[in-house]
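Biologist: Could you walk me through one part of this structure up close? I'd like the central strand pairing and whatever packs around it.

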Amino acid sequence: QELRVGNRSIFSRSLAAALDETLQRGEQAILFMNRRGTASFVICRDCGHVLRCPRCDLPLTYHRPNIVLVCHQCGHKEPPHDTCPQCGSKRIRHFGLGTEEIESQVQQRWPEARITRWDRDTTAGRNRHEELLSRFVNQESDILIGTQMIAKGLDLPLVTLVGVISADVALGLPDYRTGERAFQILAQVAGRAGRGLLGGRVIFQTYQPDHYAIRTAADHDYNAFFVEEMSFRTQHLLPPFRRMAKLELADPIANRGKQQAEVLAAMLQQAIRERGLNATQLIGPVPPYFSRVDGRYRWQIIIRSPDLYPLLRETAIPRPWIVDIDPMSTL
């Protein structure tokens with residue numbers, strides 16, 4: 001709807017108007033974006049090549065203040081490229097959005113506003129958390145821009161507006177806890193507004209307003225979220241209705257890791273057949289979402305079963321493998 005009326009800004013009309021009113025009344029606002037940096041990734045518009053970390057194979061994030069590309073997984077840094085390393089084109093462009101870019105756009109649109117950015121990049125020094133928080137609490141800043149660091153435990157009575165720039169970031173990952181994590185962080189950051197007598201409001205900007213995690217977080221309706229999430233997990237046989245084990249291997253040699261993963265998967269499949277474990281499912285081996293981290297290739301086998309014990313008790317899992325029961329993440 002914003003694009004249809006010609007709004008190309010990262011701020012919807014309702015959020016921009018709410019920020020105008022909040023600043024005019026001398027109150028404070030929080031803008032939340034669970035991603036650091038200026039641009040999420042750098043791409044060549046001619047060949048589509050995305051600049052990636054040589055050790056993790058993940059997209060590098062561009063940080064404008066230091067003019068550097070950073071891998072947020074292993075810390076690798078390299079200077080920006082003037083030309084595409086794959087095709088030589090000069091049409092290198094930055095895409096996506098992070099807290100640095102939000103700060104820059106807020107400064108352009110509300111030049112009179114005093115801004116504090118609170119993320120891992122600005123809190124690297126000693127006592128920086130306390131300094132940034134005290135600055136905001138003492139009303140030396142009007143707008144606090146940050147990642148999930150700002151979502152938890154802050155009691156800020158003068159904050160009457162919370163804006164979530166993109167509520168969809170947490171929903172785009174292939175993991176069964178995606179909805180749970182999205183609801184968790186959105187409900188927490190929404191709780192930063194209206195803690196004083198002045199009241200408050202929260203605006204979620206999203207392309208998926210009907211997603212149950214976003215809808216129930218907006219209503220602070222924990223019971224409704226629980227019902228929806230349990231329905232999803234029941235339908236797909238996910239914990240707590242099935243036990244899950246994640247078997248993970250990391251190897252600096254891709255083919256060797258793949259071969260070891262295939263051998264273990266075949267051994268597990270044979271054990272399932274021999275023991276008649278018909279309700280036990282094996283998924284993989286496959287590379288997880290973060291398939292390469294710090295120069296090591298990752299392989300993953302997922303086991304879902306009403307009872308993991310009969311299979312894992314009798315199967316000797318080789319030592320390089322890590323076994324995680326009911327994992328917090330499959331990424």
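In β8, which residue is the bridge partner of Phe32?

Modeller: The bridge partner of Phe32 in β8 is Gly146. Before going further, bear in mind that this is a predicted model, with local features needing pLDDT of at least 70 and side-chain atom pairs pLDDT 80 or more, while totals for chains, interfaces and linings use all residues. Numbering starts from 1 along each chain as its sequence is written, and side-chain values use heavy atoms, with hydrogens and water left out.

Let's start with the sheet. Five strands make an open sheet in the order β7-β8-β1-β9-β10, with parallel pairing (strands are DSSP E runs of at least two residues, helices H or I runs of at least four, numbered from the N terminus; two strands pair if DSSP finds at least two bridges between them). β7 and β10 are the edge strands, each pairing on one side only. From one strand to the next the twist averages 15°.

Your Phe32 sits in β1, residues 28-32, which pairs with β8 in the parallel sense over four bridges. Another of those partnerships puts Ile30 with Leu144 of β8. With β9 (residues 159-164), β1 pairs in the parallel sense too, over five bridges. There Ala29 stands opposite Leu161, and Ile30 has Val162 as its bridge partner. So Ile30 is bridged to Leu144 in β8 and to Val162 in β9.

In a regular strand the side chains alternate between the two faces of the sheet. In β1, Gln28, Ile30 and Phe32 point one way and Ala29 and Leu31 the other. Five of the five residues of β1 are buried (under 20% relative accessible area with a 1.4 Å probe, protein chains only; over 50% is exposed and in between is partly exposed). The neighbouring strand β8, residues 143-146, has Ile143 and Ile145 pointing one way and Leu144 and Gly146 the other, and all are buried. β8 also pairs in the parallel sense with β7 (residues 115-118) over four bridges, one of them joining Ile115 to Ile143.

Now the helices that lie across these strands. α1, residues 13-24, lies across β1, β8, β9 and β10, running at about 155° to β9 (contact means heavy atoms within 4.5 Å; axes are lines fitted to C-alpha atoms, for helices over the stretch in contact, and angles run from 0 to 180 degrees between N-to-C directions). α3, residues 128-137, lies across β1, β7, β8 and β9, at about 145° to β7.

One last stop is Gln205, in the loop between β10 (201-204) and α5 (212-218). Gln205 is buried, with a relative accessible area of 11%. A polar atom of the Gln205 side chain lies 2.7 Å from the backbone nitrogen of Ser12 (a polar contact is a pair of N or O atoms within 3.5 Å; within protein, one must be able to donate a hydrogen and the other to accept it, and residues adjacent in sequence count only if both atoms are side-chain atoms). Leaving aside residues up to four places away in sequence, Gln205 touches several others, including Ile10, Phe11, Leu15, Val164 and Asp168.
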